[in-house]
Amino acid sequence: MLMMRKYFLGMMVWAFFLVVGNVFAVDPVDTFKWAYDRGILSLHSWVLWSSVLKRQEVAPILLKYILEVSKKDYTDRGCKASDIYQADTAYQNDLKTLCGFGIFIGEKNKLLPKQYLSNAQAITLVMRVVDGYQKEASWGEHRAAPYFKRAKELWYEWITPLYYKKNLPMTLENFINFLYSVEHPHQSVSQTEMSVDTSNQKSSFKSSDDALLKLAEIMSS
């Protein structure tokens, strides 16, 4: 009888968390609205027209996240990147700032601003902001593995769809979803066909400007 009671109690607890998880699940439109409300994205942001992010394009999003959400204080130690002016003019100042903060480092004094940003690079950048630097990866591991493991430990749920796709390009949708997950640990974000398969370099939105249209619709309602 005691074992039966424990079984039913366990089932009730499991059902409770299942229901709560479903109740609090959000979708990518919710995360984009959150990003808009927190000042991370604007309706006039050029990056809304990109399905996948180039390295330069993540700079204004991440910098606004630092200033408006995480509110971390950094000392600008100067950027020594030799290719900062290869970035489009609209991104140069934000890239230079993140570089000076020691967040956007690059290799051999190169930021490679117009290359696509990988999932691993994006998660590393965000985790440096929210949790600091991790130790170097063990031999045979992906160099970003410690950052992914730490994100899982902190229950940033959106790390899961990206965990085994570290070298694929980071979509704008997945980046916003991950930022949302950082601010809402344990809360799930609904996966869509496009957001799971980043190899096709598209977001879950039906067209490149669908996110913009959805945001405009939300703001006007």
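Helices and strands are DSSP runs, with at least four residues for a helix and at least two for a strand, and they are numbered from the N terminus. The exercises below concern a predicted model.

**Exercise 1. Determine which elements the chain contains and in what order they run.**

Solution.
Step 1. Count the elements: the chain has nine helices and zero strands.
Step 2. Read them from the N terminus, which gives the order α-α-α-α-α-α-α-α-α.
Step 3. Consider how contacts span the sequence. Of the contacts between residues at least 6 apart in sequence, 72% join residues at least 24 apart.
Step 4. Consider burial: of the 221 residues in the chain, 41% are buried.

**Exercise 2. Identify where the pLDDT is below 50 and state how such a region should be read.**

Solution.
Step 1. Begin with the whole chain. The average pLDDT is 81, and 76% of the residues score at least 70.
Step 2. Locate the stretch in question: residues 2-23 have a pLDDT below 50, and this stretch has one contact in the model beyond near neighbours in sequence.
Step 3. Examine residues 198-205 as well. Their pLDDT stays under 50, although the model has 31 contacts for them beyond four places in sequence.
Step 4. Apply the general rule: where pLDDT is low, the predicted coordinates should not be read in detail.

**Exercise 3. Describe the network of salt bridges that contains Asp131, Arg150 and Glu153.**

Solution.
Step 1. Recall the principle that side chains of opposite charge can pair when their charged atoms come close. The cut-off between the side-chain nitrogen and the carboxyl oxygen is 4 Å.
Step 2. Test Arg150 against Asp131. Their closest N and O atoms are 2.8 Å apart, and the two residues form a salt bridge. Arg150 belongs to helix H6 (residues 145-153) and Asp131 to helix H5 (residues 119-131), so this pair ties together parts that are 19 residues apart in sequence.
Step 3. Test Glu153 against Arg150. Here the closest N and O atoms are 3.2 Å apart, again a salt bridge. Both residues lie in helix H6, three residues apart, which is about one turn of the helix.
Step 4. Combine the results: salt bridges link Asp131, Arg150 and Glu153 in a network.
Step 5. Compare accessibility. Arg150 is partly exposed at 25%, Asp131 is partly exposed with a relative accessible area of 25%, and Glu153 is exposed at 52%.
Step 6. Place the network in context. The whole structure has six salt bridges. One of the others joins Lys149 and Glu141, at 2.3 Å from N to O. Lys149 is partly exposed at 36%, and Glu141 is partly exposed at 29%.

**Exercise 4. Establish which residues of the largest nonpolar core touch the most other members.**

Solution.
Step 1. Recall that in soluble globular proteins nonpolar side chains tend to be buried together.
Step 2. Examine the largest nonpolar core, which has 52 residues; Ile61, Leu62, Phe175 and Phe178 touch the most other members.
Step 3. Trace the helices involved. At least two residues of this core come from each of helix H2 (28-37), helix H3 (58-70), helix H4 (89-101), H5, H6 and helix H7 (172-183). The most is given by H3, with eight residues.
Step 4. Inspect one member. Apart from neighbours within four places in sequence, Phe175 is in contact with Leu53, Val58, Ile61, Ala122, Val126 and Met170.

**Exercise 5. Classify the aromatic pairs Tyr74 with Phe101 and Tyr163 with Tyr164, and describe the surroundings of the second pair.**

Solution.
Step 1. Count the aromatic pairs, which number five.
Step 2. Take Tyr74 and Phe101. Their ring centres are 5.1 Å apart with 15° between the planes, and the pair is stacked; planes under 30 degrees apart count as such. Tyr74 lies in the loop between H3 and H4 and Phe101 in helix H4, so the pair ties together parts that are 27 residues apart in sequence. Tyr74 is partly exposed, at 27%.
Step 3. Take Tyr163 and Tyr164. With 5.2 Å centre to centre and 70° between the planes, this pair is edge-to-face. Tyr163 is buried at 14%, whereas Tyr164 is exposed at 75%.
Step 4. Extend the view: ring pairs link Phe148, Tyr163 and Tyr164 into a cluster.
Step 5. Add the charge of Lys166. Its charged end sits over the ring of Phe148, 4.8 Å from the centre. The charged end of Lys166 also sits over the ring of Tyr163, 4.3 Å from the centre.

Key. Residues numbered from 1 in each chain as written. Predicted model: local features only at pLDDT ≥ 70, side-chain atom pairs only at ≥ 80, totals over all residues. Heavy atoms only, no water. Buried < 20%, exposed > 50% of the residue type's maximum accessible area, 1.4 Å probe, protein only. Core = buried A, V, L, I, M, F, W, Y, C linked by side-chain atoms within 4.5 Å. Contact = heavy atoms within 4.5 Å. Phe/Tyr/Trp six-rings, centres within 6.5 Å; stacked < 30°, edge-to-face > 60°. Lys NZ or Arg CZ within 6 Å of the ring centre and 35° of its normal. pLDDT = per-residue confidence, 0-100.
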